[in-house]
Amino acid sequence: MGSAALATDPGWRREIEEKVYSGERLSREDGEALYACDDLSWLGRLAHHRRTELNGDRVMFNVNRHLNLTNVCSASCAYCSFQRKPGEKTAYTMRIEEAVAKAKEMEGEVLTELHIVNGLHPTLPWRYYPRVLRALKEALPGVSLKAFTATEIHCFERIAGLTP
Ligand code: SF4
């Protein structure tokens, strides 16, 4: 039986429940069928059981703030109201010091992650990006940097001549 069919099989579901509630390890086949399962409330109930068994009522929150280094973008995605073309009145690109100052403003007492997403700037040199990440990490060593979309990585690949 394939994963999708297994995921809807009541017998398999009972087996999974027994395994989860008794702490038995799941098989690879179980994992693949769980991945194919779209019954989110059933999955959620099992996952919640396992999570509270491991961690009780302890929960962690990620405090995430966005930092957009530039809104200048050579693409024109139809849904995007963020991007500006070079020379537009509201187009901006942060200098590295500006990016660090902005991040420090957001740091507060609890910031745990900076989420960095940008336009695909047509002329910013590749070296700008690692430099800005280094400067941010130096200024906020305890904050995780979650940076760049796949489209941006693709753009860097072109301007840097490096592999992804
Ligand atoms: S690549 Fe990103 S910033 Fe540029 S237009 Fe598309 S969504 Fe907007």
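Biologist: A helix is a DSSP run of H or I with at least four residues, and helices are numbered from the N terminus. So where is the place of Pro164?

Modeller: Pro164 comes in the segment after α7, the helix that spans 150-160. Keep in mind that this is a predicted model.

Biologist: Noted. Is Pro164 buried or exposed?

Modeller: Pro164 is exposed, because its relative accessibility is 76% and the cut-off for exposed is over 50%.

Biologist: What does Pro164 touch, not counting residues up to four places away in sequence?

Modeller: Pro164 touches Ile153 and Glu157. There is a distance to go with that. The C-alpha atoms of Pro164 and Ala150 are separated by 9.4 Å, and these two residues sit 14 apart along the chain.

Biologist: Let's switch to the ligand. Which residues surround the ligand?

Modeller: Cys73, Ala75, Cys77, Tyr79, Cys80, Phe82, Gln83, Gly119 and Leu120.

Biologist: How does that shell split by class?

Modeller: Seven residues are nonpolar and two are polar. No charged residue is in the shell.

Biologist: And what is the space taken by the ligand?

Modeller: The ligand takes up the largest pocket.

Biologist: I see cysteines in that shell. How many disulfides does the structure hold?

Modeller: Zero. A disulfide is a covalent bond between the sulfur atoms of two cysteines.

Biologist: Take Cys73 from the shell. Buried or exposed?

Modeller: Cys73 counts as buried, because its relative accessibility is 9% and buried means under 20%. Cys37 counts as buried too, at 7%.

Biologist: Now Tyr79. Where is its place?

Modeller: Tyr79 is in the loop between β1 and α5. Tyr79 is exposed, with a relative accessible area of 73%. From Tyr79 to Glu152 the C-alpha atoms are 17 Å apart, and the two residues are 73 apart along the chain.

Biologist: Where is Phe82 found?

Modeller: Phe82 is found in the loop between β1 and α5. At 31% relative accessibility, Phe82 counts as partly exposed.

Biologist: Which residues is Phe82 in contact with, leaving aside neighbours within four places in sequence?

Modeller: Asn68, Thr70, Asn71, Tyr92, Asn118 and Gly119. Gly119 also helps surround the ligand. As for Met106, its C-alpha is 20 Å from that of Phe82, with their positions 24 residues apart along the chain.

Biologist: You mentioned Asn71 as a contact of Phe82. Where is Asn71 found?

Modeller: In the loop between β1 (64-67) and α5 (96-107). Asn71 counts as buried, so it falls under the 20% cut-off, with a relative accessibility of 5%.

Biologist: What is Asn71 in contact with, apart from its neighbours within four places in sequence?

Modeller: Phe82, Gln83, Arg84, Thr90, Ala91 and Tyr92. Phe82 and Gln83 also belong to the ligand shell.

Biologist: New topic: backbone angles. What is the phi of Phe148 near?

Modeller: Near 80°. That is a positive value in a residue other than glycine. Most residues other than glycine have a negative phi.

Biologist: Where is Phe148 found, and is it buried or exposed?

Modeller: Phe148 is in the loop between β3 (144-147) and α7. Phe148 counts as buried, at 18% relative accessibility.

Biologist: Last one. Which helix does Thr52 lie in?

Modeller: Thr52 lies in α4, residues 40-55. Thr52 is partly exposed, with a relative accessible area of 25%.

Biologist: How far apart in space are Thr52 and Thr149?

Modeller: They are 33 Å apart, C-alpha to C-alpha. In sequence, Thr52 and Thr149 are 97 residues apart.

Technical notes. Residues numbered from 1 in each chain as written. Predicted model: local features only at pLDDT ≥ 70, side-chain atom pairs only at ≥ 80, totals over all residues. Heavy atoms only, no water. Near = heavy atom within 4 Å. 1 Å grid on protein atoms, 1.4 Å probe; cavity = no way out; pocket = protein on both sides within 12 Å on 5 of 7 lines; lining within 4 Å. Sits in = over half its atoms within 2 Å of the grid points. Nonpolar A, V, L, I, M, F, W, Y, C, P; charged D, E, K, R; others polar. Helix = DSSP H or I, 4+ residues; strand = E, 2+ residues; numbered from the N terminus. Buried < 20%, exposed > 50% of the residue type's maximum accessible area, 1.4 Å probe, protein only. Contact = heavy atoms within 4.5 Å. Disulfide = S-S within 2.5 Å.
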